[in-house]
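Please examine the following sequence and structure. The explanation below considers the surroundings of each bound ligand in turn.

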Amino acid sequence: MVIIPDKMRAIIKEKPERGAKLAVVNVPKALGPRDVLVKIYATSICGTDLHIYLWNKWAQEHIKPPQTMGHEFSGEVVAVGKEVSMVQVGDFVSSETHIPCGKCKQCRTGNMHVCQHLKILGVDMDGAFAEYIRVPEVVLWKNDPSVEHIWASVQEPLGNAVHTIFVEDVAGKNVLVTGAGPIGLLGIEVLKTAGVAKLIVSEINSYRRNLAKKIGADVVVNPSQESLIDVVKRETNGDGVDVLIEMSGNKKALTDGLASLTPGGRASLLGVYNDDDVKINLNDLVIFKAIRIYGITGRKMFDTWYKVGALLKNKKLDLSNVITHVLDFENFEEGFRLMEEGKCGKIVLKL
Ligand code: NAD
Ligand code: ZN
């Protein structure tokens, strides 16, 4: 019998202002019939958590404090609701963070990642920066016991990378990744498994350019110092790259990335642009070059999770360079500082 305490530590967004606080809150023990209570081993910091911490415009529009932050985690099932059948107490799990309604057209046609009534852990409900989290069983993913706790924690952003990269054929192709933030870096590690001919990475931050090189990019470009388009031409016999993986959310990276594509090339866009109204020259960059563009949101549920799970289980990925910091849970302020300064890859908090 596992004894579940009544109170727990949690990192919460207490007030509608910059910052976060370590607090003592109730363990969410009241479980609906299909709910699961998970004791968290490790939880990682996402760009969304930083937005909530900094209290930017997006956070102000989406978050209602007080609320427990965080959504990426790994942990152990400690209690299950009456009708739960997919997991049991003792299972080592992680979780999809997009909670689908199960009833809309998308959910019923194999596209629950674009559910019309999607709810997000740590955004629309209490999250994972805590000792325990309550989640519906539909989003849980059973980890292979051989996977390290801290690696299992980052499967959600890793799934973003896997989904973005594998929607197009990258084997034997010249590939450009724009933006080597935490997800771009995970993407480089994924691309190494995929038989890419040449991997070019563009990143403005020197710490992350160094990491990109260390993880295995063939060519690393600083687009603030040299023309990305020229470098790509030089590196591809003047042809341009076959595939663009846009992971910066920067408009210049998007337009230069599209301009760096060979005619007939493919682009997968994960980056989210601050300016909702990004304007590009569709005629020159897309139509007359016959470019195919994929917009990527989240992960395919659960197709992407099977891929991520199998890559980890079979030791095809080494996340030790991408996860640059494993901090004590209570040292979260340090994690947010590093994220804000961009002096990190992925940061994991250990409980
Ligand atoms: P991040 O913001 O930490 O990383 C972006 C990186 O791009 C940074 O390292 C930054 O220095 C770099 N960059 C900025 N301008 C650049 C330029 N002109 N050229 C090259 N690099 C440039 O973000 P992340 O957590 O790694 O996520 C990547 C992107 O994906 C973000 O835009 C994020 O909002 C988005 N995202 C989308 C989804 C989705 O479902 N579509 C999910 C998660 C994250
Ligand atoms: Zn739905």
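In this predicted model, ligand 1 is surrounded by 22 residues. The closest of these are Ile 183, Glu 203, Arg 208, Ile 296 and Gly 298. Sorted by class, the shell around ligand 1 comprises 9 nonpolar, 11 polar and 2 charged residues.

Several contacts to ligand 1 involve the protein backbone rather than side chains. A backbone N or O atom of Ile 183, which is among the closest residues, lies 3.0 Å from an oxygen atom of ligand 1. A polar backbone atom of Val 272 is 3.1 Å from an oxygen atom of the ligand. For Leu 270, the partner is a nitrogen atom of ligand 1, and a backbone N or O atom of this residue lies 3.1 Å from that nitrogen. Taken on its own, ligand 1 has 850 Å² of accessible area, and the protein covers 78% of this area.

Attention now turns to ligand 2, a zinc ion. Which residues supply its protein donors? They are Cys 101, Cys 104, Cys 107 and Cys 115, each through its SG atom, at 2.3 to 2.5 Å from the zinc ion. Along the sequence, these donor residues follow the spacing C-x2-C-x2-C-x7-C. Two of the donor residues, Cys 104 and Cys 107, are buried.

Why is the arrangement around the zinc ion described as tetrahedral? The 4 donor atoms subtend angles of 101 to 117 degrees, and the arrangement is therefore tetrahedral; the criterion requires all angles to lie between 85 and 135 degrees. For comparison, the ideal angle for four tetrahedral donors at a metal is 109.5 degrees.

How values were computed: Residues are numbered from 1 along each chain as its sequence is written. Chains are lettered from A and ligands numbered from 1 in the order in which they are written. This is a predicted model: local features need pLDDT of at least 70, side-chain atom pairs count only at pLDDT 80 or more; totals for chains, interfaces and linings use all residues. Side-chain values use heavy atoms; hydrogens and water are left out. Donors are N, O and S atoms within 2.8 Å of the metal (3.2 Å for Na, K and Ca); water is not among the atoms, so sites may look incomplete. Four donors count as tetrahedral if all angles lie between 85 and 135 degrees; four count as square planar and six as octahedral if opposite donors are over 155 degrees apart and all others between 65 and 115; anything else is irregular. Buried means under 20% relative accessible area, exposed over 50%, partly exposed in between (1.4 Å probe, protein chains only). A residue is near a molecule or strand if one of its heavy atoms lies within 4 Å of it. A polar contact is a pair of N or O atoms within 3.5 Å; within protein, one must be able to donate a hydrogen and the other to accept it, and residues adjacent in sequence count only if both atoms are side-chain atoms. Accessible areas come from the Shrake-Rupley method with a 1.4 Å probe; for residues, only the protein chains shown count as cover. Ala, Val, Leu, Ile, Met, Phe, Trp, Tyr, Cys and Pro count as nonpolar, Asp, Glu, Lys and Arg as charged, and the others, Gly among them, as polar.
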